[in-house]
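Trainee: Please take me through one loop position in this model, and then through the parts of the chain that help to place it. I am new to this structure.

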Amino acid sequence: DVTAMVTSTTADGHIAETRRSAASNGQTVTESWVYSYLASGVNDGLLAGVTLRRQVNGGAWSVVQQVQYAYYDGTQPYGGSIGDLMTATVLDGDGNVLAADYYRYYTAGVPNGYPHGLEYVFSPASYTRLTAACRRLG
């Protein structure tokens, strides 16, 4: 039997945590997704991160994986407009980076597109190559 539910919300109505529990072979495993939101700046209120944690039989929580989100804030010379997702970085339970996706968008005045329209997505492998090339170019 699997049970899933929103267990808490923030003061402004965002989901703060969801949990899912499943019982099997005498053990109950509960997974929790804890959501955080940006609290200031031009992207105030956007999702900042999600942490997946796990608990067995009511024991201590252990962090399994996290994802952190970064957004364009209007100060970058290219790549996106305020509120556009810039990167999604996946970390393991110890905070080590596992993967990162990078997003670029059309901005006002760019031909063949429209503001907030997705232009490129760099997968973890291509993002790694992109950052390495940028470091070499200096």
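Mentor: G41 has a relative accessibility of 56%, and because exposed means over 50%, G41 counts as exposed. The model is a predicted one, and every value below is computed from it. G41 sits in the loop between β3 (27–37) and β4. A residue far along the sequence can be used to locate G41: D73 is 32 residues away in sequence, and the C-alpha atoms of G41 and D73 are 8.3 Å apart in space.

To place that loop, take the order of elements. The chain has one helix and eight strands. Read from the N terminus, the order is β-β-β-β-β-β-β-β-α, with the helix after the strands. The loop with G41 joins β3 to β4, and β4 itself covers 47–56.

After β4 comes another loop, which leads to β5 (62–71) and contains N57. N57 has a positive phi, near 50°, although it is not a glycine. Is N57 buried, partly exposed or exposed? At 46% relative accessibility N57 is partly exposed, because that class lies between under 20% and over 50%. A second non-glycine residue with positive phi is H116, where the angle is near 75°. H116 belongs to the loop between β7 (97–105) and β8 (118–122). Its relative accessibility is 45%, so H116 is also classed as partly exposed.

From the loops, turn to the interior. The largest nonpolar core holds 10 residues: V50, V67, Y71, Y72, L85, M86, A88, Y102, Y103 and Y105. Strands β5, β6 (85–92) and β7 each give at least two residues to this core. In soluble globular proteins, nonpolar side chains tend to be buried together.

L85 is one of these core residues and lies in β6. Leaving out residues up to four places away in sequence, L85 touches Y69, A70, Y71, Y72, Y103 and Y105. Between L85 and Y72, which are 13 residues apart along the chain, the C-alpha separation is 6.4 Å.

Y102, another member of the core, has contacts with Y72, Y78, M86, T87, Y120, V121, F122, Y127 and L130, again leaving out residues up to four places away. Y72 and M86 in that list are themselves core residues, while V121 lies in strand β8.

A99 is in strand β7. With residues up to four places away set aside, A99 touches A88, T89, V90 and P124. A99 and P124 are 25 residues apart along the chain, and their C-alpha atoms are separated by 5.2 Å.

V121, in β8, has a relative accessible area of 45%, which means that it is partly exposed. Beyond four places in sequence, V121 touches Y102 and Y103, and these two residues appear in the core list. The C-alpha atoms of V121 and the core residue V67 are 17 Å apart, with their positions 54 residues apart along the chain.

Now the chain as a whole. Its radius of gyration is 19 Å, whereas a compact globule of 138 residues would have one near 14 Å. Along the principal axes, the C-alpha atoms fill a box of roughly 60 × 35 × 25 Å. Buried residues account for 25% of the 138 residues. Of the contacts between residues at least 6 apart in sequence, 25% join residues at least 24 apart. The accessible surface comes to about 8,600 Å², and 53% of it belongs to carbon and sulfur atoms. As for charge, there are 8 positive and 11 negative charges, and their mean positions lie 9 Å apart.

Back to the starting point: G41 is an exposed residue in the loop between β3 and β4, with its C-alpha atom 8.3 Å from that of D73.

Technical notes. Residues are numbered from 1 along each chain as its sequence is written. This is a predicted model: local features need pLDDT of at least 70, side-chain atom pairs count only at pLDDT 80 or more; totals for chains, interfaces and linings use all residues. Side-chain values use heavy atoms; hydrogens and water are left out. Helices (H or I, at least four residues) and strands (E, at least two) are DSSP runs, numbered from the N terminus. The radius of gyration is taken over C-alpha atoms; the globule rule is 2.2 Å times the number of residues to the power 0.38. Buried means under 20% relative accessible area, exposed over 50%, partly exposed in between (1.4 Å probe, protein chains only). Contact means heavy atoms within 4.5 Å. Accessible areas come from the Shrake-Rupley method with a 1.4 Å probe; for residues, only the protein chains shown count as cover. Lys and Arg count as positive and Asp and Glu as negative; His and the chain ends are not counted. The place of a charge is taken as NZ of Lys, CZ of Arg, CG of Asp or CD of Glu. A nonpolar core is a set of buried Ala, Val, Leu, Ile, Met, Phe, Trp, Tyr and Cys residues joined through side-chain atoms within 4.5 Å.
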